[in-house]
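These are my notes from going through one model, entry by entry, with backbone geometry first, then helix packing, then the enclosed and open spaces.

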Amino acid sequence: MPLTMLGTPSPIYLIGESHTLIFRNLLFRAGANDQLFQCRIRFLPHVMAQNFFQQASNAFHPDLLEAFRGEELLRANLAPSHLSLDGATISGAWMEKRAVVAPALVLCIGDLDLHHLYGQFAGYDFELPDDVHYGVDRSLRPVAYATLLAQVEKLLAPFIAGLRMLRAAGFTRMLVHCVPPRTSDDVATKRWTKVHKSVRAKLTVMANQVLARECAANGIPFIDIWPETSKDGYLLPEFDLDGMHLTAAAAHISLDKIVTSLHENTWDAQNNTRYLHAANQAKRPAQADNDVPPQTANGAEADRAIAAAVAHPASGICIGQLTAPVQALQAPREHYRATAQLSPRMDWSATPQGSRGALHSAQPSAEQLELAAQLLSQGIGQAVLHGAVDYAMTVSSFRPSFIAAGNGPLLLARATQADGVRKAVLRLGGEGTIGFASADGNVLHVMSAAPGALAVYDPAVAVCLLDPRAGDISLVEIALTPRGAGQPFRVVWSDLNEWPLDPFQYSVTGMIAHPPFDGEQVTIRALTMV
């Protein structure tokens, strides 16, 4: 019997209340490359926001932990599986050509808590700020909005605390789904609750506002399907299954938003454990090229001169001045664009959406990439790149950029963690200021205005500030990653992407490099070290 192989789907885990059930076993394709996805669900009827995580004992609900273990997201010792460096994980990923990244995890929590709350407010009504749909029934007993808000925040607080713990543990591709809109059908409403439909809807709006606010504060995408599934504040009939749950058509809307979010929210989602492993596995800088120490090629005196030209003005920052002309790395002014040229992708970390302001970028030519490889692979360029690390690095992103005079200051994205990766800035021209500051705003260093000034920095320690108020700034934004075994020093244009989520397995479709890639996929074998 002939077989048709569909490929290996990327799993999306939906965990929580009964709203997860409409996603069970859905298999679909989405995205610019028609990627295959599979929904895996865990319905947890006893897990609510208020018992999701117990701060006093620092413990998650046992059903939640069991669901994570059952889906192999946690090991028996409760360590995240994707952060494991055991032989089975490392060898299996290499054999499968599978990137080891944080799981795509969607949590559907909060509706059960609202149902408990409804029972306390039968016969009451309240005024929702900025309400244009629901109004207030003055015949019912009034309750202050602030009182209700405090109650909703209290119910959701353990869930928010648990989200922070999960993200800190390494679940960096986690999303929260909104509580769905409520039906406008009075009969259906009474089937599920004793409160009036408008009170039910207003409490749901409040809960979603709290969830959206806390998700934004913690860098967690919030999936809001209300604009597509509701009208005048209530669920559209075509999405109403039984007065509580949504139809399969609503699931399609959710999945479209989930996949879009997974593509657009990749900043800080890299596997830091794998990056540390890649850094430990990489050769030392002096041995990276044919195992020839640099003094053999340059001479001891030249090496001393190069070392003297490299400075460390602050922790996490290394600077130097390239002596060769760099103006040829600039793109024609009309080539700089405000938007990305490559479609968002799930296997690379890209700068956050909307964080670039007036900073435009251009695609370099093959000749410019070759010139950049020459400048950065030897002499002062190579010394600055490795001035603060003891492992060989390569350029995963080389992005000529430009910000015009008169725009306001712009902070480049700061990373929460930057194990194994670094950012760099190469000045090409202009009179504006490029500086670095600590996370609390203290100035650490101001770059020279001379073309060829190069600074490498730890993006989790220092923040790069572009200030074009005094003039244009022409620069190259550079991202650095550990140089894989058997890989050449390579300079890559990856558009607005910075580095792969997994340094051992990633796609380079649409990217250009010098020297060129051998194909559209990079696979580097990691050594088993534990």
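I looked up Asp130 and found this residue in the loop between strand E7 (124-125) and strand E8 (141-142). The model is a predicted one, and in it the phi of Asp130 is near 60 degrees, a positive value in a residue other than glycine. I note for context that most residues other than glycine have a negative phi, and that most peptide bonds are trans.

With that in mind I turned to the peptide bonds, and I recorded a cis bond that joins His514 and Pro515, with omega at about -10 degrees. Pro515 belongs to the loop between strand E28 (512-514) and strand E29 (521-523).

Next I took up helix packing, where two packed helices are described by the angle between their axes and the distance between the axes. For helix H3 (residues 111-118) and helix H6 (residues 197-217), I noted axes that come within 11 Å and cross at roughly 135 degrees. That angle makes H3 oblique to H6, and I entered the crossing of H3 past H6 as right-handed. On the H3 side I listed Leu114, His115, Leu117 and Tyr118, which meet Arg200, Leu203, Thr204 and Ala207 of H6. Sorted by class, the residues of this contact of H3 with H6 come to five nonpolar, two polar and one charged.

I then checked helix H4 (residues 145-168) against H6, and found that the two pack at an angle of about 45 degrees with their axes 9 Å apart. This makes H4 oblique to H6, and H4 also passes H6 in a right-handed crossing. The contact draws on residues of H4 including Tyr145, Leu148, Leu149, Val152 and Glu153, and on residues of H6 including Leu203, Met206, Ala207, Gln209 and Val210. I counted its classes as 12 nonpolar, one polar and four charged residues for the contact of H4 with H6. Leu203 and Ala207 of H6 are listed in the contact with H3, and Leu203 and Ala207 are listed again in the contact with H4.

For the enclosed spaces, I found six cavities of 30 Å³ or more in the structure. The largest cavity has a volume of about 250 Å³, and of the 23 residues that line this cavity, the closest to its centre are Thr394, Thr481, Pro482, Gly484 and Tyr506. I traced parts of the lining of the largest cavity to helix H9 (272-281), strand E17 (393-403) and strand E24 (473-482), each of which supplies at least two residues. The classes in the lining of the largest cavity are 15 nonpolar, six polar and two charged residues.

The second largest cavity holds about 100 Å³ of space. Its lining has 14 residues, of which His19, Cys108, His177, Cys178 and Pro180 are the closest to the centre. I entered the lining of the second largest cavity as eight nonpolar, four polar and two charged residues.

My last entry concerns the largest pocket, which has a volume of about 1700 Å³. It is lined by 49 residues, and those closest to its centre are Pro9, Ser10, Gln35, Arg98 and Ala99. Strand E1 (10-16), strand E3 (35-43), helix H2 (87-96), helix H8 (248-264) and strand E27 (505-507) each give at least two residues to the lining of the largest pocket. By class, I recorded the lining of the largest pocket as 21 nonpolar, 16 polar and 12 charged residues.

Terms used:
Residues are numbered from 1 along each chain as its sequence is written. This is a predicted model: local features need pLDDT of at least 70, side-chain atom pairs count only at pLDDT 80 or more; totals for chains, interfaces and linings use all residues. Side-chain values use heavy atoms; hydrogens and water are left out. Axes are lines fitted to C-alpha atoms, for helices over the stretch in contact, and angles run from 0 to 180 degrees between N-to-C directions. Helices (H or I, at least four residues) and strands (E, at least two) are DSSP runs, numbered from the N terminus. Angles under 35 degrees count as roughly parallel, over 145 as roughly antiparallel, 65 to 115 as roughly perpendicular and the rest as oblique. A crossing is left-handed if the near helix is turned anticlockwise from the far one by less than a right angle, and right-handed if clockwise. Contact means heavy atoms within 4.5 Å. Ala, Val, Leu, Ile, Met, Phe, Trp, Tyr, Cys and Pro count as nonpolar, Asp, Glu, Lys and Arg as charged, and the others, Gly among them, as polar. On a 1 Å grid over the protein atoms alone, a cavity is a set of points where a 1.4 Å probe fits but cannot get out, and a pocket is an open set with protein on both sides within 12 Å along at least five of seven lines; lining residues have an atom within 4 Å of a point. Grid points are joined across faces, edges and corners, and a volume is the space filled by probe spheres set on the points.
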